[in-house]
Structures are given as structure tokens and as C-alpha cells.
Amino acid sequence: MYFFTYETELPDGVGFVHFGPVHVLWLIAIAVCVVLLTKLYVNQGQSRQNRLSKILAWTMCGILAAEHVVLLITGHQTIYQIPLHLCTLMPVICLIYSYTWWDWAGQTIYSLGIAGASLALLFPDWNMYPQWNYMNLTGFSIHSGLILFGVWQLSGKTIRPRMKAMWKPLAFLAVVVPPIYLVDKWLGTNYFFLMEGSQGSPLQLLQEKLGVMYIPAYAALALTVITIEYLPWRKRN
């Protein structure tokens with residue numbers, strides 16, 4: 001009934017709550033699919049793995065493009081729907097990586113893509129939508145695909161996290177975040193959640209507690225998470 005209905009036109013109470021039964025079922029299904037598809041992936045030859053990686057990257061980009069086509073057709077494509085969030089940039093980086101195998105892209109996918117998508121699935125900001133709505137299905141599928149792509153590359157050893165390479169995702173953030181911050185200030189948007197934390201997420205709590213210190217605290221939190229992600233690989237390297 002509400003498949004193509006945008007959030008501003010939805011009645012109250014049709015969405016789902018964080019960690020409610022519906023949300024938990026989504027998380028369990030995603031975890032099972034990632035495990036099963038990764039087992040299938042590691043049993044393939046290198047050329048087959050490369051082909052599957054390209055297919056997954058193109059699929060994520062296609063789903064994202066289809067979402068914006070629907071937004072355009074239904075008249076809901078606005079400045080608030082520009083693909084400037086981390087998890088809408090990552091499918092393009094996955095696509096670049098599947099063809100170039102550039103290390104900066106791989107390190108970024110590992111440290112930012114997997115963690116960002118995992119947090120988005122734990123605290124989705126699209127939970128106002130009912131289950132059979134294209135925005136809900138796009139949200140879960142894109143973020144699941146990002147986790148699956150990263151896990152595939154780790155299991156296939158194409159991505160090799162190294163402490164010495166931790167500067168690469170940090171450099172990516174240093175290049176991308178300042179202009180997005182300016183866009184947020186200019187347009188009144190909230191890309192990368194730089195203006196306010198996503199409702200119901202740890203970032204919202206961080207903002208409420210720290211106020212004007214939200215962005216420095218956000219940066220410190222991101223640096224801490226990235227460092228923690230790389231620490232287990234220190235001795236292996």
C-alpha cells in the first residue's frame with residue numbers, strides 16, 4: 001500500500017522501532033546471508049571472485065540509482081536526497097576498487113565502509129518507513145551489500161588492513177568531510193550527520209551531551225573506531 005510513499009506522506013505508526021522484532025529479524029537475516037554468501041565466495045577461483053565483486057558493486061550502484069529515479073518520478077528528489085552520505089558514496093568506491101584494486105579504496109572500504117554500514121543497520125534512520133517500501137528495502141540492501149563486499153575482500157585477501165595504511169582512510173575523510181560540511185551549512189542538510197546525530201543513534205546522544213563540541217567529539221570517535229579496527233592487524237603485519 002505504501003511502497004512508493006515518501007516519509008512526509010506516511011501516516012504515523014507504519015514504521016519499525018530500533019531493535020524491535022522486525023528490526024532484529026532483519027539483522028539476523030542479513031548476518032545469515034553474509035555468512036552463507038561469503039562461504040560461497042571463498043570457494044570460488046580468483047577470477048570468479050573478481051567477477052562476483054564487480055557484480056555486487058554494480059548491483060549496489062544500480063539500487064542506489066533506481067532509488068533516485070523513483071524519487072524523481074514521484075517528485076521527492078530534493079537537496080536532502082543528494083547521495084553525499086558515507087554509505088551512498090561507498091558503493092562507488094566499491095565499484096572503483098573492483099576494477100582498480102587501489103589500496104586507498106580497499107583500506108577505506110575496510111575501515112569506513114564496513115563500520116559505517118554496520119552502524120547504519122543497527123541504528124537505521126529510515127525506520128519511519130514500512131517494510132514493503134522501496135526506501136526501506138534500499139536502505140537495508142545497500143548497507144548489507146557494503147558489509148558483504150568488505151567481508152568478501154577480507155576473506156579473499158584482496159584487502160589487507162595494515163597499521164601503516166591507516167592514514168589512507170583518514171586522508172579520505174580529510175578530503176571529503178570539509179566540503180560536505182560546507183554543503184551542510186549552505187543548504188541546511190545533514191550529510192555525514194555533521195549537523196546532528198541520527199535519531200536514536202549514539203551520535204544523537206553525543207550531540208545532546210556535548211552540544212557545540214559535537215563535531216570535535218565526532219572526529220575523535222571516528223579516529224578511535226578506525227584505530228581499534230586496525231589494532232588486531234598490527235602483529236600480523
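**View 1. Helix α3 (residues 86–100) packs against α5 at an angle of about 35°.** We start with a pair of helices in this predicted model. Their axes run 10 Å apart, and the crossing of α3 and α5 is left-handed. On the α3 side, the contact is made by C87, M90, P91, C94, Y97 and S98. Facing them from α5 are I142, H143, L146, F149 and Q153. It helps to remember that an α-helix has 3.6 residues a turn, so residues three or four places apart point the same way.

**View 2. Helix α5 is a mostly covered helix of 22 residues.** Of those 22 residues, 17 are buried. From its first C-alpha to its last, α5 reaches 31 Å, close to the 32 Å expected at 1.5 Å a residue. The helix covers residues 134–155, and its two ends are the subject of the next view.

**View 3. N133 caps the N-terminal end of α5.** Look for the side-chain oxygen of N133, which lies 2.8 Å from the backbone nitrogen of M135. Now travel to the other end: just after α5, K157 takes a positive phi of about 60°.

**View 4. D103 and R162 form a salt bridge.** The closest N and O atoms of this pair are 2.8 Å apart. D103 belongs to helix α4 (residues 103–122), while R162 sits in the loop between α5 and α6 (167–187), so the salt bridge ties together parts that are 59 residues apart in sequence. How accessible are the two partners, D103 and R162? D103 is partly exposed, with a relative accessible area of 25%. R162 also counts as partly exposed, at 26% relative accessibility.

**View 5. K168 meets D103 in a salt bridge.** Here the N to O distance between the side chains is 2.7 Å. Because K168 lies in helix α6 and D103 in helix α4, this pair ties together parts that are 65 residues apart in sequence. Is K168 buried or exposed? At 18% relative accessibility, K168 counts as buried, the cut-off for that being under 20%.

**View 6. D103, R162 and K168 belong to one network.** Salt bridges that share partners join these three residues. D103 pairs with R162 and also with K168. How many salt bridges does a search of the whole structure find? The search finds two.

Conventions:
Residues numbered from 1 in each chain as written. Predicted model: local features only at pLDDT ≥ 70, side-chain atom pairs only at ≥ 80, totals over all residues. Heavy atoms only, no water. Salt bridge = Lys/Arg side-chain N within 4 Å of Asp/Glu carboxyl O. Helix = DSSP H or I, 4+ residues; strand = E, 2+ residues; numbered from the N terminus. Buried < 20%, exposed > 50% of the residue type's maximum accessible area, 1.4 Å probe, protein only. Expected span 1.5 Å × (residues − 1). Polar contact = N/O pair within 3.5 Å; in protein donor to acceptor, adjacent residues only side chain to side chain. Axes fitted to C-alpha atoms, helices over the stretch in contact; angles between N-to-C directions. Left-handed = near helix turned anticlockwise from the far one by under 90°. Contact = heavy atoms within 4.5 Å.
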